[in-house]
Amino acid sequence: MDHQTAYAIYAQRRARVAAQLGPGGVAIVPTAPERTRNRDSEYLFRFDSYFYYLTGFTEPNAWLAITSEGHTTLFCQPKDLEREIWDGIRLGPQAAPDTLGVSEAFSVDELDARLPRLLENRQTVWFPFAIHSGLESRVDGWLQKVRARVRYGALCPDAQRDLCGILDEMRLVKDAHEIGIMKRAARISAQAHVRAMQRCARMLRVGEEVREYHLDAELLHEFRQHGSQYPAYGSIVAAGANACVLHYRADNAPVRDGELVLIDAGCELDGYASDITRTFPANGRFTGPQRDLYNLVLASQTAAVEATRPGNRFIDPHDATVRVLAQGMLDLGLLDRNDVGHLDDVIEKRHYFRHYMHRTGHWLGLDVHDCGSYVEPSELGQLNERRDPLSGEIIKDRPSRILRPGMVLTIEPGLYVSPAADVPKHFWNLGIRIEDDAVVTPEGCELITRDVPVEADAIEALMRG
């Protein structure tokens with residue numbers, strides 16, 4: 001993307017925010033802090049998603065202020081030749097307006113001196129609530145300086161509002177620029193999964209020892225090889241029974257011939273996450289029980305994909321998944337009809353939760369679990385209460401979000417079977433999840449992660465290569 005295009009995209013977003021601040025509004029958005037890993041070594045810096053969404057600026061120690069009139073002020077690191085030798089070239093406040101399209105820019109060293117003047121005579125100060133530790137206290141300090149000037153006629157903002165509400169709604173619907181990046185990220189991640197699957201089968205065929213970290217290494221190599229800055233989250237590479245641990249991390253467990261391997265991994269590209277899960281036989285050949293469970297999960301995902309379309313609710317893909325999985329659990333003997341009753345009983349009383357304990361998807365974007373309300377804003381006042389059959393808690397249900405073109409979500413059903421006396425032994429320790437990223441389109445949805453196959457026969461064919 002050329003400089004002018006980038007300038008226009010971020011400027012348009014800032015203008016949209018300004019238009020929603022109300023008379024006398026001013027918004028303050030910091031980027032993320034740098035974090036120490038140990039002693040004098042720091043974690044690789046990753047910018048705050050809200051800040052990046054409005055600026056495209058990736059340096060640490062930066063702040064953005066936007067007024068309701070559309071005036072934008074950036075505070076960033078000053079030019080410092082000595083520090084730049086160690087830490088890299090800084091943009092600096094002098095170059096920032098032309099490069100980023102902001103109205104003006106100052107050194108971040110001037111933040112505490114200039115922010116009170118920006119807040120003076122404003123009515124409302126907006127900032128992200130409950131995101132940045134200590135931000136509320138920082139704002140209070142600036143407001144105290146404004147109050148100290150009231151005897152000179154200064155007016156202090158008398159309202160504070162959460163900027164996340166505005167930004168979450170904006171970020172929930174992706175524009176063409178964002179979807180383009182997410183499609184590229186999805187292609188890179190899909191190829192990484194292909195690479196890991198094929199290496200696993202090749203190593204086992206020649207009698208080499210395979211560990212989870214071998215497959216993790218393939219993922220990382222493919223991510224970086226194609227320009228991804230880092231993984232979007234800690235990659236899950238789970239062999240055998242480890243796949244029944246939902247947030248297992250790639251470790252040193254052996255990958256054994258005859259077991260299944262579950263890989264949940266995606267790269268981050270230019271700030272945007274991808275999120276793919278595939279489950280495959282380590283040796284490239286499904287056993288009968290493995291295939292039975294796998295095909296059940298795949299059928300439930302197909303039902304969820306069909307339910308992902310404009311006008312449907314966010315909850316509809318989950319409900320479609322649950323119905324298919326619950327029927328399959330009865331058919332395969334994972335649930336005993338004599339104990340749990342018929343399909344509607346399994347769903348109503350959540351008996352399926354024993355083997356399927358998570359939701360079928362989440363929003364995806366600058367964060368892997370992206371921002372955006374799961375409740376339809378136009379129906380917030382509608383509320384139903386019910387008692388959860390498992391926990392006994394009172395659940396407050398509000399109408400689920402209506403899906404609209406440009407929303408991006410994951411579709412990720414699974415089955416996890418731990419050993420138990422009342423479960424057929426040939427299903428023990430099988431953990432299966434299939435996850436794709438879906439862009440809601442005017443006609444339905446587009447799966448952008450299918451460069452890695454999902455059909456059992458296609459997986460076997462791929463792993464013979």
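**Strands, a hairpin and a long-span helix**

Visitor: Which residue in β6 does C76 stand opposite?
Guide: Strands here are DSSP runs of E, at least two residues, and helices are runs of H or I, at least four, numbered from the N terminus. This is a predicted model, where local features need pLDDT of at least 70, side-chain atom pairs count only at pLDDT 80 or more, and totals for chains, interfaces and linings use all residues. Residues are numbered from 1 along each chain as its sequence is written, and side-chain values use heavy atoms, without hydrogens or water. Look across to β6, and the residue opposite C76 is S107.

Visitor: How many bridges join β5 to β6?
Guide: β5 covers residues 72–76, and β5 and β6 run parallel. Two strands count as paired if DSSP finds at least two bridges between them. For β5 and β6, the number of bridges is four.

Visitor: In the six-strand sheet, which are the edge strands?
Guide: Follow the order of this open sheet, β6-β5-β4-β1-β7-β8, where the pairing is mixed. An edge strand here pairs on one side only. That gives us β6 (104–107) and β8 (159–162).

Visitor: What angle does the direction of helix α6 make with that of β7?
Guide: Neighbouring strands of this sheet are turned by 20 degrees against each other on average, direction ignored. Helix α6 (residues 135–147) packs on the sheet and touches β1 (25–30), β4 (63–67), β7 (124–127) and β8, where contact means heavy atoms within 4.5 Å. Axes are lines fitted to C-alpha atoms (for helices, over the stretch in contact), with angles from 0 to 180 degrees between N-to-C directions. Between α6 and β7, that comes to about 155 degrees.

Visitor: Why does the distance between the end C-alpha atoms of helix α8 agree with its 30 residues?
Guide: Helix α8 runs over residues 176–205. The expected span of a helix is 1.5 Å times one less than its number of residues, so the 30 residues of α8 should span 44 Å. The end C-alpha atoms agree with that, because they are apart by 44 Å.

Visitor: And just after α8, which residue takes a positive phi?
Guide: Slide along the chain to just past the end of α8. There you meet a phi of about 80 degrees, and the residue that takes it is G207.

Visitor: Which residue in β12 does P231 stand opposite?
Guide: An open sheet of three strands has the order β9-β12-β13, with antiparallel pairing, and its edge strands are β9 (230–231) and β13 (272–273). Two bridges join β9 to β12 (residues 267–269). Helix α8 lies across β12 and β13, at about 145 degrees to β12. Opposite P231, in β12, is C267.

Visitor: What is the bridge partner of R386 in β16?
Guide: Strand β15 (residues 384–387) and strand β16 (residues 394–397) run antiparallel, joined by four bridges. Take R386 and cross over to β16. Its bridge partner there is I395.

Visitor: Which residue in the turn between β15 and β16 has a positive phi?
Guide: β15 and β16 form a hairpin, with six residues between them. Look in that turn for a phi of about 80 degrees, and you land on G392.
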